[in-house]
Amino acid sequence: MKLFDYLNDMSLRKKIMILFAIVGIVPLVVTFFVSYDEIRKLAVDGQSYAENENYEQMLVTLSKKFYHLEELTSMIIVNKDLNGILSKKPEELKIPEQLTIFNNIVAFSQIMESNSEFDRIIYYINDDFIVAGDDTMFRRLGDVQEMPWVKSVYANNGRSAWFVREETGSAPGKYLAVGRLLWNPTNLSEPSGIVTLNIDTNQIRQSLTKSNPQQLIYIATAAGELIASTGDAEYEEMRLPKPIDSAGAFESVTIGKGSYLARGQRIGNTNLFLISVLSNKAATEALKNIRTQMLSTYAIISLIILIVIFPVAKSITRRIFLLMNKMSQVRQGRLNELDISPSKDEVGQLISSYNYMIGSLQELLAEQFKLGQEKNGAELKALQSQINPHFLYNTLDMLNWMAQKGERENIQQVVYALSGYYRLILNKGEDFVTVRDEVRLSAIYMDIQMKRFRNRITIDFDVDEEAMDCLIPKITLQPLVENAIIHGISEKEGGTGVIRISGGLSKGRLLLEVKDDGVGYRRDVPDRHTHKGSGYGVKNIEKRLELYFGQPASLRFSNLDEGGTCVTIDVPAVRRESD
């Protein structure tokens, strides 16, 4: 379950890379094992075939050679003249006669030697023959009568006997020899001598060829006596305890602590065995090389696949990641289209739909903003149109009273102030004025009120110059001044007092204060918005400030320690763009 959740939460790029890796590499792995198994079988079969072919070829060659030597011995032992001479007693022949006879035998033997693949013919004859010696073609039989190889020749009773012997004298060395008995023609139960054909073991060694460096091939007698081998060191390490006949195939054997493959077979009708021993390491060495080459090849192919997968996966997911980032920006309120080259695939269609959606949203928001602006403007104008005509009625009533008393000068001043007041209120149709104009409006308003209240109420202004150019909705201060007069100073005993308007900037905000020394802010009144004054009311002012600045405006009421009320306006400092 955790693995499923992990895979489900994995990025799309990783999923695509893993998918491509599985699609590309898994078949390679399966192909590798299938191919390697088939190649291994073919290699083993091929190596076995090669080893068997090599063995069979050597076996045929040696069999022919040894058979030929046995045929030569047969030619000698069936020579009646030779057997007849050697079966005679030496004292029956004169010396010249013996020399003549044996010269003929030498000539016959030399002819055989020149046309055959053996080194020497040796005859072991009666010791009393004049030609019998130690290092000649004719040797004394009595000198070797007790040697093991002579006994083996006698034991074979006329059949060929193969053995190893050491030669000294003029041709020293180690020889493989085939020996047969020579018979008395008149008495076949009585041997008259022995004939041997010697082959240098070095010549036999040259006939032994191995197809693998870690292979031993050697020829041994049935008793295990070594004739020749392809290497002395290998022979000491890999020789079999005794010759085997493996029925024409390699079989597994254990030599010491090692595992080997061995094949043995008798050479023709001899008592000699051709043995081939192959290390299992040699048998698997070729497989290791094949496996290494295949692993290297498949590793390079897998690496190429992985290298290709990354840019391919990146190219597939790049546009999706860009789209995802843009959609994340939408959640943050940033509506930006995705500016990339168009395409007709599924991702391209998704991007086109996204861009169309963003364009529609931008148009909808622009229209919504426009409607909101129009609504706010209409609401602001509606609020400003709520000017209570009481101020105008009271002023006209005051002018009527002045006219009845003949106060022409005061009438003129009031009318002039009233015209200036409404000129500022109209403000060429604009809804927002500078603090400077709002202060002037409040001053004109107080000029009219001072005529009404006979200068019992005065006003002071202390607004910083840097705050004078800030914008606020028109007729913002005047209703607060009116409230200060009607609900503050007029309710005080004597009806006299001072109104102070101050202002400045603090941390990017405009702060304006309207203070009076009247009766103070009545906290027992549940809703301060019921103090309407000139008809705007505090709620009207707050709503207009909120519509203009786009955020809840701060309009705070507080009582002063020395008596009276302080109204604080706290809004962002905004100036005209041209400024």
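Two strands count as paired if DSSP finds at least two bridges between them. Strands (E, at least two residues) and helices (H or I, at least four) are DSSP runs, numbered from the N terminus. This is a predicted model, in which local features need pLDDT of at least 70, side-chain atom pairs count only at pLDDT 80 or more, and totals for chains, interfaces and linings use all residues. Residues are numbered from 1 along each chain as its sequence is written, and side-chain values use heavy atoms, with hydrogens and water left out.

**Exercise 1. Find the partners of strand S1 and say how each one runs.**

Step 1: Start with S2, which is joined to S1 by three bridges and runs parallel to it. Here Ile125 stands opposite Arg140 in S2.

Step 2: Turn to S5, which pairs with S1 in the antiparallel sense over five bridges. Ile122 stands opposite Thr196 in S5.

Step 3: Look at burial (buried means under 20% relative accessible area with a 1.4 Å probe, protein chains only; exposed is over 50%, partly exposed in between). Six of the six residues of S1 (residues 120–125) are buried, so this strand is largely enclosed by the rest of the structure. Arg120, Ile122 and Tyr124 point one way, while Ile121, Tyr123 and Ile125 point the other.

**Exercise 2. Place S1 in its sheet and identify the edges.**

Step 1: The order is S2-S1-S5-S4-S3, an open sheet of five strands with mixed pairing.

Step 2: S2 and S3 stand at the edges with a single partner strand each, so one side of each has no neighbour in the sheet.

Step 3: The twist from one strand to the next averages 35°; axes are lines fitted to C-alpha atoms, and angles run from 0 to 180 degrees between N-to-C directions.

Step 4: Inside the order, S4 (residues 173–184) is joined to S5 by 10 antiparallel bridges, and Val178 has Leu197 as its bridge partner in S5.

**Exercise 3. Repeat the analysis for the sheet that contains S16 and S17.**

Step 1: This open sheet of five strands has the order S12-S14-S15-S17-S16, again with mixed pairing.

Step 2: Its edge strands are S12 (457–463) and S16 (554–559), each pairing on one side only.

Step 3: Neighbouring strands are turned by 15° against each other on average, direction ignored.

Step 4: S16 and S17 (residues 565–572) run antiparallel and share six bridges; Asn559 has Thr565 as its bridge partner in S17.

**Exercise 4. Describe the lining of the largest pocket.**

Step 1: Fix the term. On a 1 Å grid over the protein atoms alone, a pocket is an open set of points where a 1.4 Å probe fits, with protein on both sides within 12 Å along at least five of seven lines; lining residues have an atom within 4 Å of a point.

Step 2: The largest pocket has a volume of about 260 Å³, the space filled by probe spheres set on the points. Of its 15 lining residues, Asp134, Arg139, Val144, Arg165 and Thr168 are the closest to the centre.

Step 3: S3 (161–167) and S2 (138–140) each supply at least two lining residues, and the largest share, three residues, comes from S3.

Step 4: The lining divides into four nonpolar, three polar and eight charged residues. Asp, Glu, Lys and Arg count as charged, Ala, Val, Leu, Ile, Met, Phe, Trp, Tyr, Cys and Pro as nonpolar, and the others as polar.
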